[in-house]
Amino acid sequence: MKIFSPRDLSYPITVIDLLKKRDDEVPRSEKLFNYTYETRVTEGDKWGGEKTIMKKFRQTFDASTEGKILRWFIKPGAVIERSGIPLLEIEEPCTHETQFGGLCVDCGRDMTQVDYLTKERDVDRATVNMAHDNTALLVSHKEAVAAEEDAKKRLLSARKLTLIVDLDQTVIHTTCERTIAEWQADPENPNHDAVKDVQGFQLADDNVSNVAANWYYVKMRPGLKDFFDRVSKLYEMHVYTMATRAYAQAVAKIIDPERKYFGDRILSRDENYTDKLKSLTRLFYQNTAMCVIIDDRADVWQYSPHLVRVPVFNFFPGAGDINASFLPKQQELVSFAKDKAPLAPKKTQPDEEPTISVSVAGKPAEPAPAPIPPDATNGDLQQLISLAATEDLEEQAKEQEKLIIAQQTERPLLQQQLIQDKEDEQAKDPESPVQVENGDAQQAEQPKVRHSILNDDDKGLEIIERNLLRVHRTFYDEYRKAKKVPAGGRIAELKGEKSPKKRSMDEFIPDVAEIMPRIKEEVLDGAVVVFSGIIPLGVDVLSSDFALWISSFGAEVNTNVTRRTTHVIANPDRKTTKVKRAARYPNIKIVNPEWMFQCCTRWEHVDETPYIIETDPNDRGGSPGPDLEDESVNGTGDEETEVPHSPIVEMSEEVWAAVDDELAEFMDESDTDAGNSTEVSEAEESDSSVNSTSRLQRRKKRTMERVTSLTNVVTAEKSSGLPSPETTGPEEEQGEDEEKAPEANGVAPDLQEEDDEALEAELLAGFDDSDEEE
C-alpha cells in the first residue's frame with residue numbers, strides 16, 4: 001500500500017530525516033520521518049504591539065497503517081510542495097480485500113473504526129457485491145476483476161455462456177388457490193391431468209393473516225426438465241427473481257431438486273437493492289459480454305439488448321404474477337374480444353376453437369374458456385399489477401397479502417370451472433335419441449362431457465431454446481474467427497515481419513449486446529408499422545411497450561399511415577380511420593397483434609396471411625386519392641373508432657347561446673311590430689298596402705341577415721380544422737365535410753337555391769295569419 005502526502009499539512013514541507021529503514025516492520029501510529037514547515041504567525045511585543053512573521057515548525061509524520069516498509073520515495077532534504085505525492089510503500093499484513101458485515105474476512109478487523117490517522121476508510125476498500133445470496137459480502141475492485149477473469153476463462157474453456165433465468169411466468173406459474181389440491185385428488189375432474197404434476201409448498205416465514213394454511217401451487221412450464229438438461233450444456237444458469245428469497249429457494253427445490261442447474265446461484269428481491277428494476281451489474285461487475293437473459297418482461301430490464309423476451313406462461317387463468325405488486329406497473333393495452341379473434345396458425349382438434357386475447361403486458365394471454373363475472377375475482381391480475389405504483393414496500397406487501405387472501409377465499413378457478421360446467425350442460429342436445437325396449441320408449445342417457453379450463457399445451461420453451469441456440473452458435477462462431485491470428489514468433493522473423501503483440505482476451509471476445517440486436521434487427525428490417533386501436537389514448541405510441549418491442553426487431557414505428565407504411569397492426573373489433581385508409585392500398589397488410597407476437601418471439605418474419613384482418617370490400621377497392629402523401633394523414637398515433645356522422649350541426653355552447661339570443665330578439669321584434677300595427681291612424685290605413693309592403697321588405701331583409709350569420713357560424717365551425725369530440729384525427733369525416741362545404745359567398749347551398757318568390761309568399765301568408773289573430 002502506497003502512502004501519499006495528505007491534504008491536511010501546511011505545504012511546502014521539508015524532510016529532515018527518515019526514522020525507519022527499508023524492510024522495517026512498523027505498527028500503526030509509528031513515527032516514520034521528521035519534517036519542517038513554515039507558516040505566518042502573529043506575535044506581540046512588550047509594548048502591546050503585534051507583528052506577523054514567518055516561523056518554522058518541526059513535526060513528525062506517523063504511519064497510518066501497519067506493515068513492512070518496501071521502499072521510500074523521498075529522502076532527507078526533499079521538499080514536498082503539495083498533497084498526493086507518494087512518500088513510501090508499506091506491505092500490509094492484510095489488505096482487507098474481502099469484507100463481511102463491516103469486518104475483514106481474513107483478519108477479522110473492524111473496518112468501521114476511524115481515528116485521527118485515518119486517511120482512507122477501510123470500508124471503502126471493498127464496495128463490490130458479487131454474491132447471489134448476501135448483500136453484506138463485499139470485495140474490492142481488484143478482487144472483482146480477478147473473479148470475472150476466472151469466470152470468463154472457465155466459460156470459454158467449456159464453450160458456455162451465462163444465462164439469467166426469471167421464474168414467475170417465464171419457467172413456472174404459481175397460484176395460492178386450494179382448488180388445485182382438490183382437483184389433484186379427484187381423478188374425475190376434467191382438470192386432473194393438467195394439475196397432477198403441480199407441486200405445492202409452504203413458507204415458514206409466511207405471515208398471511210386469517211388463513212390457516214397458505215399453500216403455493218407451482219406449475220412448471222411443459223418440457224422444463226428437458227429444456228434445462230439441454231440448455232445447461234451450453235449455458236451456466238442463474239436465477240434472478242423479484243420474489244423473496246424464501247419463495248425463490250422453495251421454487252428452486254421444485255425445478256432443480258438435485259441442484260445441478262443453478263446450485264446456489266439464486267438472486268432474489270431481498271438482495272437486489274431495489275424492488276423496481278433488474279440489472280446485470282448486480283451480478284457482473286464489469287464484463288457482461290457473455291450474458292443472456294430470458295424474462296417475460298422487458299421493462300424491468302429497461303429493454304436490455306441482452307434480453308430474450310419469452311411468451312408469458314399463464315397456466316392458471318387470472319392468477320397473473322403473484323409477485324407483480326413489487327414490480328413497475330405494466331402498460332395497459334387495449335384488448336380485443338376472444339370470440340372475434342383470428343385463429344392462430346397452429347394445429348387444433350376439429351372440435352377446438354383456438355382464440356387469442358391480449359394481456360396487459362402486450363403479449364398473448366391465456367385462453368379463457370369462460371367469462372368470469374365481475375364479482376368472482378376481486379384479486380385479479382389488474383389489481384395485482386396496479387399495486388406496483390405504491391412506493392412503500394410495506395404497503396405493497398400488505399396489499400399483496402390481501403390479494404392472496406382474496407384468491408384463497410373467493411377461489412376464482414373454481415368459479416370459472418362452475419361456469420364452464422354450466423355452459424356444458426346448456427350445450428347438451430335436448431333432443432337425445434329414443435331407444436325402444438319391450439315396446440316402451442326410453443330416453444337414452446348421453447355421457448356427461450365436461451371441459452377443463454386449464455390447458456397443458458404450452459410450447460414456449462421450444463421457441464426459447466431455438467433462440468438461445470442461435471445466440472450461442474453465433475457467439476462462438478465469431479469468437480473462433482476473432483481468435484485466429486497471423487503466424488508469429490520464428491515464422492514471422494524468417495519472413496522479415498514483426499511478431500504480433502499478444503492480445504488481451506477482451507479484444508477477441510464477442511459481445512452478446514452486439515450480437516443479439518444484429519440478429520433481431522434482420523427479422524423485420526424494412527417494415528414500417530402503424531398501430532391502430534391497440535394502444536390506449538393518452539399513451540405515447542413511440543415509447544409504448546409494443547413499439548419498443550417491435551423496434552428492437554428492425555421495424556420502424558410511425559404514428560401515421562404514409563406511402564412507406566407496410567403493416568398496420570390493428571384491433572380486429574374496431575374499424576378505425578387508419579384501417580380504412582390502409583385498406584385502399586394493396587401493399588399495406590392489416591394484421592392483428594398476434595402477428596407481431598409471433599415475429600418477436602420466434603425471431604422470424606412469419607407469414608401475415610393467417611393474421612390478416614378482413615376489411616370492407618368497398619374500403620379495399622376504394623380510390624386512394626391524392627391526399628396520401630409522405631406527410632401525415634392522421635395527426636395522432638392512436639385513434640377512436642370511427643363514429644358515423646351526425647346530421648346535427650356541431651356547435652359550441654357559446655354559439656348555441658348566441659343563436660338563442662338572436663331568436664329571442666327576432667320574436668320580440670315581431671311582437672312589437674304586431675302591437676304597433678293596432679295603433680295606426682286612418683291615414684295610415686288608407687296607405688296600408690304601401691306600408692305593409694315596406695314592412696315585409698324590412699322583415700325579409702332582417703331574416704336573410706340572421707340566416708346568413710348563422711350559416712357563417714356553421715361554416716366557421718366546419719372549416720376550422722378542429723376535430724369534433726367524437727373524432728381523434730383531422731381526417732375523421734373529412735369526406736363528408738367536403739360534400740357539405742358551403743359555397744364561397746358564405747350562404748348555405750340550400751338557401752341559395754330557395755325561390756325568393758316562394759319565400760315572399762310564405763312570409764305574407766304568415767303576416768296575414770297574425771293580422772287575423774289580432
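Start by selecting strand E3 and strand E6 (residues 67–72), which pair in the antiparallel sense over two bridges. Strands here are DSSP runs of at least two residues (E) and helices of at least four (H or I), both numbered from the N terminus; two strands pair if DSSP finds at least two bridges between them. Across this pairing, Glu 25 faces Lys 68 in E6. As you click, keep in mind that this is a predicted model, in which local features need pLDDT of at least 70 and side-chain atom pairs count only at pLDDT 80 or more, while totals for chains, interfaces and linings use all residues. Residues are numbered from 1 along each chain as its sequence is written, and side-chain values use heavy atoms, with hydrogens and water left out.

Now widen the selection to the whole sheet. It is an open sheet of four strands in the order E1-E8-E6-E3, with antiparallel pairing. Strand E1 (2–4) and strand E3 (25–26) are the edges; each has a single partner strand, so one side of each lacks a neighbour in the sheet.

Stay in this sheet and show the side chains of Arg 71 and Glu 89. They form a salt bridge, with the closest N and O atoms 3.1 Å apart (a side-chain nitrogen of Lys or Arg within 4 Å of a carboxyl oxygen of Asp or Glu). This pair links distant parts of the chain, since Arg 71 lies in strand E6 and Glu 89 in strand E8 (residues 86–91), 18 residues apart. Arg 71 is partly exposed at 40% relative accessible area, whereas Glu 89 counts as buried at 18%. Buried means under 20% relative accessible area, exposed over 50% and partly exposed in between, with a 1.4 Å probe and protein chains only.

Next, pick Glu 92, Arg 109, Asp 122 and Arg 125, which are linked in a network of salt bridges. Within it, Asp 122 and Arg 125 have their closest N and O atoms 3.5 Å apart. Asp 122 is buried at 9% relative accessibility, and Arg 125 is buried at 16%.

For another salt bridge, try Glu 258 and Lys 260, whose side chains meet at 3.9 Å, N to O. Glu 258 is exposed at 60% relative accessibility, and Lys 260 is partly exposed at 49%. The structure holds 25 salt bridges.

Move on to strand E16 (residues 235–240), where six of six residues are buried. Tyr 235, Met 237 and Val 239 point one way from E16, while Glu 236, His 238 and Tyr 240 point the other way. Strand E12 (residues 161–165) pairs with E16 in the parallel sense over five bridges, and there Leu 163 stands opposite Met 237. E16 also pairs in the parallel sense with strand E17 (residues 266–267), over two bridges; Tyr 240 has Leu 267 as its bridge partner in E17.

Two last stops remain. Select Phe 315, in the loop between strand E19 (307–309) and helix H6 (381–386). Phe 315 is buried at 2% relative accessibility, and its C-alpha lies 9.8 Å from that of Val 218, although the two are 97 residues apart in sequence.

Finish at helix H8 (residues 412–427). Its 16 residues should span 22 Å at 1.5 Å a residue (1.5 Å times one less than the number of residues), and its end C-alpha atoms are 23 Å apart, which agrees. Among the buried residues of H8 are Leu 413, Gln 417 and Asp 424.
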